[in-house]
Each structure stands twice: as structure tokens, then as C-alpha cells.
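Let us go through this model step by step, with attention to its charged side chains and to where they sit.

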Amino acid sequence: MAEPVTRLDPRRSDAALVTAALEGDEPAKEALFRRYVGMVSGLSFRLLGRDEELEDIVQESFAQAFGALHKLERPQAFAAWLSSIVTRVTIATIRRRRLLARLGLLRGEPVHLETLIASTAPPDVAAELVAVYGLIAKLPVRERVVLILRRVEELSLEEIVVQTGWSLATVKRALVRAEGLLDVSRSRGEEGR
């Protein structure tokens, strides 16, 4: 008589991978990296609007996550925890770029909208998206991040608080200010500039 075959789940849970990684299991870290590298890249790309430092942000985000893995209280919440790290690393990158640009040490790079807008988007929708992204790029960092997390990532205000580490009042003010600045800019016809 043949022995029963035990099937193993080829996809270990995040909690199992985090636990193994904490015990020094390098393949577990690699599995977490492979599982979430797309999410990390996508989120940071949407927040930045360009990708010249994308690899650096991805590497820094994972380095910070693996370095602080022992601080993760709920291993099953790895994805949300990692998203907050990515958000903070990206915010720091945006702020650093803006400071360097103000000091004249970095010139502004255009947003590569062709990579953000689906090639199947109708021309009028693509034109509207170009205008909106052009306006978003001009927003202050806090407003830009909150607006993208709310309107593009579709996060709740509470999730944005967790992602950014800012207070709920700060997030609400930033969202209202961002939407107000966009409305003012659009009413002035600044989309095409």
C-alpha cells in the first residue's frame, strides 16, 4: 500500500517567512524580497513620478525592513509595515531632491508620464493625466504624498497615518490643502505648463 502524500503549501505565509528570517534563514528573506519587490517598486514609483533612484529606494527600503524586522510586532502584517517603510524612504528622497534643487545642486527632471499612463488610455484621458501629474509634481512633499496615497493608492486616512507616521489631523490638512492647490492651479489653467 502506498503511503499518503503530504502536500506542502509552496507559498509560505508572510508570518512564517518573517519568523524564519528572524532566525537567520536567508532564503526566507529572499522570498520576502521576491514577493514584495514589485509592490515596493510600484509604490515608490507612483510617489516619485520618475524612476532614476528607484533601485536605491527599493534596496534602502528592504535594508531598513530587514534591519528592523525584530521590531515588527505582527509578522502577518509584513506587507503593510513594509509599505510604511517604503513611503518614508520615498518621502526622504523627495525632500532631499527638493533641497538639492533649491541649492542648485540638482536640476529638476521631468516626470516620465509615458510610464505612468497606460498606452490604452484614450487621448483625452492621457492629456488629463499629464496635466494632473504635472500639477502633483509641483505640490509640497506632504501634500503630494497624502494626495497620491489617498487618490492613487486608495488608502483610508487611517492607513495614510500608519504609512507616513503623521497625525490624522496633519494628513487631513495636507489632503485638503493638496486638493485646494490642485483646484486653484487647474482653474488658472496651469495644467499645460
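A residue is called buried when its relative accessible area is under 20%, exposed when that value is over 50%, and partly exposed in between. By this definition Glu53 is buried, and Arg97 is buried as well. These assignments belong to a predicted model.

The two residues are also partners, for the side chains of Glu53 and Arg97 meet in a salt bridge with an N to O distance of 2.9 Å. Glu53 sits in the loop between α2 (26-48) and α3 (54-67), whereas Arg97 belongs to helix α4 (residues 78-102), and the pair, 44 residues apart, thereby links distant parts of the chain. The pairing does not stand alone, since Glu53, Arg96 and Arg97 are linked in a network of salt bridges. In general terms, side chains of opposite charge can pair when their charged atoms come close.

Helix α4 also contains Ser83, and this serine counts as buried because its relative accessibility is 11%. Setting aside residues up to four places away in sequence, Ser83 touches Met39, Leu43 and Gln163.

The structure holds eight salt bridges, and two further ones connect a second pair of helices, α6 and α8. In one of them, the side chains of Glu143 and Arg177 meet at 3.2 Å, taken from N to O. Glu143 lies in helix α6 (residues 141-152) and Arg177 in helix α8 (residues 168-188), so that this pair, 34 residues apart, links distant parts of the chain. Its two members fall into separate accessibility classes: Glu143 counts as buried because its relative accessibility is 10%, while Arg177, at 44%, counts as partly exposed.

In the other bridge, the side chains of Glu179 and Arg151 meet with an N to O distance of 2.1 Å. Here the glutamate, Glu179, lies in helix α8 and the arginine, Arg151, in helix α6, so the pair ties together parts that are 28 residues apart in sequence. Glu179 counts as partly exposed because its relative accessibility is 25%, and Arg151 counts as partly exposed too, at 46%.

Taken side by side, the bridge of Glu53 and Arg97 joins two buried residues, whereas the bridge of Glu179 and Arg151 joins a glutamate that is partly exposed to an arginine that is partly exposed.

Definitions and conventions. Residues are numbered from 1 along each chain as its sequence is written. This is a predicted model: local features need pLDDT of at least 70, side-chain atom pairs count only at pLDDT 80 or more; totals for chains, interfaces and linings use all residues. Side-chain values use heavy atoms; hydrogens and water are left out. A salt bridge is a side-chain nitrogen of Lys or Arg within 4 Å of a carboxyl oxygen of Asp or Glu. Helices (H or I, at least four residues) and strands (E, at least two) are DSSP runs, numbered from the N terminus. Buried means under 20% relative accessible area, exposed over 50%, partly exposed in between (1.4 Å probe, protein chains only). Contact means heavy atoms within 4.5 Å.
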